[in-house]
Amino acid sequence: MKLWKKFSALFLALVMVLALAIPAGATETEQDLTGHIVILHTNDVHGAIGEYAKVAALKQAYQAAGAYVLLADAGDFIQGDPTVSASQGKTAIELMNLAGYDVAAPGNHEFDYGYPNLKTLAGEADFPILAANVRYDNAAALGDQTTFTTTDGKKIGIFGLDTPETATKAHPDKIKGVSFLAAQEMFDCAQAQVDALKADGCDYIICLGHLGIDAESTGNRSIDLLEKVTGIDVFIDGHSHSTLEEIKEATNGTGKVGDTVLTSTGTKLANVGMVDISPDGTISTSSLATSELTVTPDAKVAARAEEIQKEIDADYGTVFAKTEVALDGEKANVRTGETNLGDLIADAMLWQAGLLDEGVDAAVTNGGGIRASIAAGDITKKDINTVLPFGNTLYVVKVTGAELLEALEASTYCTPEAIGGFPQVAGIEFTVNTGAQFDTKELYPGSTYGKPASINRVMIQTVGGEAFNPEETYTIVTNDFMGAGGDTYYAFKAASSGYDSGVPLDEVVMDYITSELKGVVSQAQYGETDNRIHTISYNDVKAGDWYANAVNYVTLTGLMNGTGDGFSPNLAINRGMMVTVLYRMAGSPEVTAENPFTDVPADTWYTDAVIWASENDITAGTSETTFSPTNSLTREQLATFFYRFADFENPDPIEITGDLTGFTDADQVASYATDAMKWAIGEGLISGTTETTLSPKATATRAQVATILMRYTAE
């Protein structure tokens, strides 16, 4: 008995449920929970139907213990796996009815199959689906709130909210007429719901909100709302797939924002959340791992789930190919960078467009549309459908280079933070500078995403194998969701030309694997990513700067590094830096010669480079015994270093074709540097500081060196 006294009533209840393995339908238990209100909750189930039988049994067990029990879901229950998506959610509603759900809020994915479909499902549900901030033709699209009364007269008010991101995360063409109150309008809506429920005499007010805590949702997150809205006792969250531990981490370990308890329980029914309201009004939360529950699964729910699974396996379970490598579709990866599965899907899209004779230059698809990974081994239709569950089709759009830049800038605005719009591509090579600030002054129409006011972060190197031209018109194959302006791709919707091919994306991927890859996704082709997407991070370089492409080039090739958080483009380059760059270009060979310079210590980052440069007559130092590594270079000295390096690289004498006579300050070029300046001008490596001046004595900057390096080494 001493041990039991150390635990709260809530933990006692949990111990009894788990340890005593109360069977579904039991009417008695040794633990009396009379007077407790228990709210079991799920979110982002995404088709994990095999666990619904345990959820049902858990509800029954707590009821048998005497608690007043509600079972709630915070959205994204009709999509994610063929067991629910093949029926467009009907099987999910059927199982939730059997499991005894009392209330739910829609997630963004409840709109994947269109608003009319959701309305039909809501009519088939034995529980209300609530979203107070969702409107249809200026009227309520769904229910907004409901109340429950316990056996001892306590009144519980529940209202729902859905993420405003649904406006662009759902296919825009499938939700025409539907709008989502966002930011302050949503906050005001929520406060009105709270006030109405209080006026109705509710003792406890619960919000089922599919808002999440992801950084990309900033301004519309649960934690944002709870800083503005008062009177909510418990906010049960979804959307960001956050566990209870992650919620606590986001709330400084408290699990609360203001006076409101915030909770969530991950995804795929890995856990069932539990809110316990004790008779004295104390509210506590916990997360129960479904794998550790010892309740006997509800037989009726389990039988129907198994039946649905068998139907799907029979249709989708046939092996049609294999992969030698694990294909990465993890949410955290496909929304932040290039993955091999993203490459495969984009390649398939580009291949199919070629078969359709579309003359397509490149493919772009959104990382948020890739919903799962594929393990090495056999590939089934179910695997592909789980990866691509939305029924998307190929969409062909013509955009200018400037519009393509806008789309990529918008879709990477928060990278390296995750964003569903992150582009997986084929036929495009581009770089995102995550250190540059995204510049926006307005939102896209009907969207929570900002329109770029300038291009600061993205540099496109090539499209269709050719150098990028912002004035060129490119034909891009994407998916119909993006073609309609989904996620951040309003630029595609606004393009002058675009049409839906009607070819299903999942079938495209399967056909590509069977036809083009001969049934095998090989290690050779997809063992690694294809280096189509690069990231750099400099806070002092913007995409529009004249040196931006050069800085990107020298960074990716490893010829130059940054200086802390930036590149310091306007910083003078010194002699030590310069020989180090040339040494890297030579492949950093082993140095065997003696160090001839007294001012070059034996263990600096530039020591080997200086010795190598001296040994190969690239430098003679500033005297017989000094190199002066920290001295800044002039433009004529910079040209001389490159000239001598070119002579070192070429077995034949290098040709000097340049002419300095057009420059009014040509007479200021030192005699030792004249040939070097002529050569650099002739090779197009150096240009004047104006049309008529060379400024040979001016200090050379890191940006100038990066530019010369790119011109000298780029093919």
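Which element gives the largest share of the lining of the largest pocket? In this predicted model, the answer is α19, with 7 residues. The pocket itself holds about 600 Å³ of space, and its wall is made up of 27 residues. Those that lie nearest the centre are Ile460, Gln461, Asn549, Asn552 and Met710. Two or more lining residues come from each of β23 (458–463), α19 (548–557) and α24 (702–713). Sorted by class, the lining comes out as 16 nonpolar, 8 polar and 3 charged residues.

Next comes the second largest pocket, with about 290 Å³ of space. Its lining runs to 15 residues, and His241, Lys268, Lys331, Arg371 and Ala372 sit nearest the centre. Here the class split reads 3 nonpolar, 7 polar and 5 charged.

Turning to packing, the largest nonpolar core takes in 56 residues. Within this core, the members that touch the most others are Met560, Phe567, Met578, Leu582, Leu638, Phe642 and Leu709. At least two core residues are supplied by each of α19, α20 (575–585), α21, α22, α23 (674–682) and α24. The largest share, 7 residues, belongs to α20. Two of these helices, α19 and α24, also turn up among the elements that give two or more residues to the lining of the largest pocket.

Met560 offers a look at the packing from a single side chain. With neighbours within four places in sequence left out, Met560 is in contact with Val554, Thr555, Phe567, Ile573, Val581, Arg584, Arg702, Val705, Ala706 and Leu709. Phe567 and Leu709 from that list are also among the core members that touch the most others. Apart from this core lies another one, of 54 residues, which includes Leu33, Val84, Ile129 and Phe180.

The backbone has a few spots worth a check. The peptide bond that leads from Thr415 into Pro416 is cis, with omega near 20°. Pro416 is placed in the loop between α14 (401–411) and β19 (423–426).

Positive phi values also show up away from glycine. For Asn531, phi is near 55°, and the residue belongs to the loop between α18 (523–526) and β28 (533–536). Asn531 is exposed, at a relative accessible area of 51%; the cut-off for that label is over 50%. Asp617 is not a glycine either, yet has a positive phi of about 60°. Its loop runs between α21 (607–615) and α22 (635–649). Asp617 likewise counts as exposed, with a relative accessible area of 62%.

As for the cysteines, how many disulfides does a search of the whole structure find? The count is 0. Take Cys202: its sulfur has no bonding partner because the closest cysteine sulfur, in Cys207, is 13 Å away, too far for a bond. A disulfide would need the two sulfur atoms within 2.5 Å. Cys202 is buried, with 12% relative accessible area. Cys414 is buried as well, at 15% relative accessibility. Both values fit the label because buried means under 20% relative accessible area.

Methods
Residues numbered from 1 in each chain as written. Predicted model: local features only at pLDDT ≥ 70, side-chain atom pairs only at ≥ 80, totals over all residues. Heavy atoms only, no water. 1 Å grid on protein atoms, 1.4 Å probe; cavity = no way out; pocket = protein on both sides within 12 Å on 5 of 7 lines; lining within 4 Å. Points joined across faces, edges and corners; volume = space filled by probe spheres on them. Helix = DSSP H or I, 4+ residues; strand = E, 2+ residues; numbered from the N terminus. Nonpolar A, V, L, I, M, F, W, Y, C, P; charged D, E, K, R; others polar. Buried < 20%, exposed > 50% of the residue type's maximum accessible area, 1.4 Å probe, protein only. Core = buried A, V, L, I, M, F, W, Y, C linked by side-chain atoms within 4.5 Å. Contact = heavy atoms within 4.5 Å.
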